[in-house]
Amino acid sequence: MKNKNVFFGLFNIYDFIIAFSILAIAVLLLLFQHGKTTKSGIPYIYISCGDNIVSDLLSNEREYKLKNNGYNITVEVKNKKIRVVESDCPNGDCAASPALTDGNGCIVCVPAKLLVRIIYKGESNADIIAG
């Protein structure tokens with residue numbers, strides 16, 4: 001006599017209930033973890049170019065002309081995005097970098113000692129201190 005609670009000859013209904021429960025818990029944990037990694041608060045721009053440090057609201061649209069180590073760099077803040085629009089450094093990677101829109105990522109120009117980031121009020125900046 002065939003048991004109605006056995007599927008595919010190996011699994012019964014309780015195996016499927018346990019597997020579904022584990023999968024549901026994993027999805028819920030993933031959703032809660034994702035909520036912790038999103039940025040919140042007021043976004044600020046952080047620009048460090050040699051001895052010059054600029055911190056301003058991301059919503060303030062303007063252009064910054066910076067000079068360090070003999071290199072001229074223009075940083076633009078527009079439409080809640082920040083990018084390097086012009087640089088006369090040798091490789092030009094900073095000007096080719098995509099605009100930043102959130103706190104993930106940064107723009108760096110090593111010859112000019114430039115660092116551009118978006119930070120959030122209350123966020124620690126310990127990872128951007130260089131000696």
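**Stop 1: the salt bridges**

Start with the charged side chains. In this predicted model, a search of the whole structure turns up two salt bridges.

For one of them, select Lys65 and Glu63. Their side chains meet in a salt bridge, with 3.5 Å from N to O. How accessible are these two? Lys65 is exposed, at 63% relative accessible area, while Glu63 comes out as partly exposed at 42%.

Now pick Arg83 and Glu76. Here the closest N and O atoms are 3.1 Å apart, and the pair forms a salt bridge. Is Glu76 buried or exposed? Glu76 is buried: its relative accessible area is 17%, and the cut-off for that label is under 20%. Arg83 is partly exposed, with a value of 37%.

**Stop 2: the three-stranded sheet**

Next, show β5, β6 and β7 as cartoon. β5 covers residues 62-68 and β6 covers 71-78, and β7 takes in 81-87. These three strands make an open sheet in the order β5-β6-β7, with antiparallel pairing. β5 and β7 are the edge strands, each pairing on one side only. Look at how the strands cross: neighbours in this sheet are turned by 25° against each other on average, ignoring direction.

Zoom in on the β6 and β7 pair, which runs antiparallel and is joined by six bridges. A good residue to click on is Thr74, in strand β6. Which residue of β7 is the bridge partner of Thr74? Glu86 is that partner. Thr74 is buried, at 7% relative accessibility. Leaving out residues up to four places away in sequence, Thr74 touches Glu63, Tyr64, Lys65, Arg83, Val84, Val85 and Glu86. Lys65 and Glu63 are the salt-bridge pair you selected earlier, and Arg83 is the partner of Glu76.

**Stop 3: two loops with positive phi**

Stay with these strands and look at what links them. Most residues other than glycine have a negative phi, so two loop residues deserve a click.

- Asn69 sits in the loop between β5 and β6. The phi of Asn69 is near 55°, a positive value in a residue that is not glycine. Asn69 is partly exposed, with a relative accessible area of 46%.
- Lys80 is in the loop between β6 and β7. Lys80 also has a positive phi, about 60°, without being a glycine. At 54% relative accessibility, Lys80 counts as exposed.

**Stop 4: the four-stranded sheet**

Now switch to β3, β4, β8 and β9. They form an open sheet of four strands, ordered β4-β3-β9-β8 and paired antiparallel. Which strands are at the edges? Those are β4 (52-57) and β8 (107-109), each of which pairs on one side only. From one strand to the next, the twist averages 15°.

For the pairing between β3 and β9, select residues 43-49 and 114-120: these antiparallel strands are joined by seven bridges. If you want one bridge to display, take Tyr46, whose partner in β9 is Arg117.

**Stop 5: the nonpolar core**

Turn on side chains. In soluble globular proteins, nonpolar side chains tend to be buried together. The largest nonpolar core here has 22 residues, and the members touching the most others are Ile47, Tyr64, Val75, Ile82, Leu114 and Val116. Color the strands that feed this core: β3, β5, β6, β7, β8 and β9 each supply at least two residues. Which strand gives the most? β9 does, with four residues.

Center on Leu114 to see one of those well-connected members. Setting aside residues up to four places away in sequence, the contacts of Leu114 are Ile47, Ser48, Cys49, Leu66, Ile73, Val84, Ile107, Val108 and Cys109.

**Last stop: zoom out**

Finish with the entire chain on screen. The protein chain has two helices and nine strands, and along the sequence they read β-β-α-β-β-β-β-β-α-β-β. Of the 131 residues, 27% count as buried. Put on a surface: about 9,300 Å² is exposed, and carbon and sulfur atoms supply 58% of that. As for contacts with a separation of 6 or more, residues 24 or more positions apart account for 31% of them.

Methods
Residues numbered from 1 in each chain as written. Predicted model: local features only at pLDDT ≥ 70, side-chain atom pairs only at ≥ 80, totals over all residues. Heavy atoms only, no water. Salt bridge = Lys/Arg side-chain N within 4 Å of Asp/Glu carboxyl O. Buried < 20%, exposed > 50% of the residue type's maximum accessible area, 1.4 Å probe, protein only. Pairing = 2+ DSSP bridges. Axes fitted to C-alpha atoms, helices over the stretch in contact; angles between N-to-C directions. Core = buried A, V, L, I, M, F, W, Y, C linked by side-chain atoms within 4.5 Å. Contact = heavy atoms within 4.5 Å. Areas by Shrake-Rupley, 256 points an atom, 1.4 Å probe, with all protein chains shown as cover.
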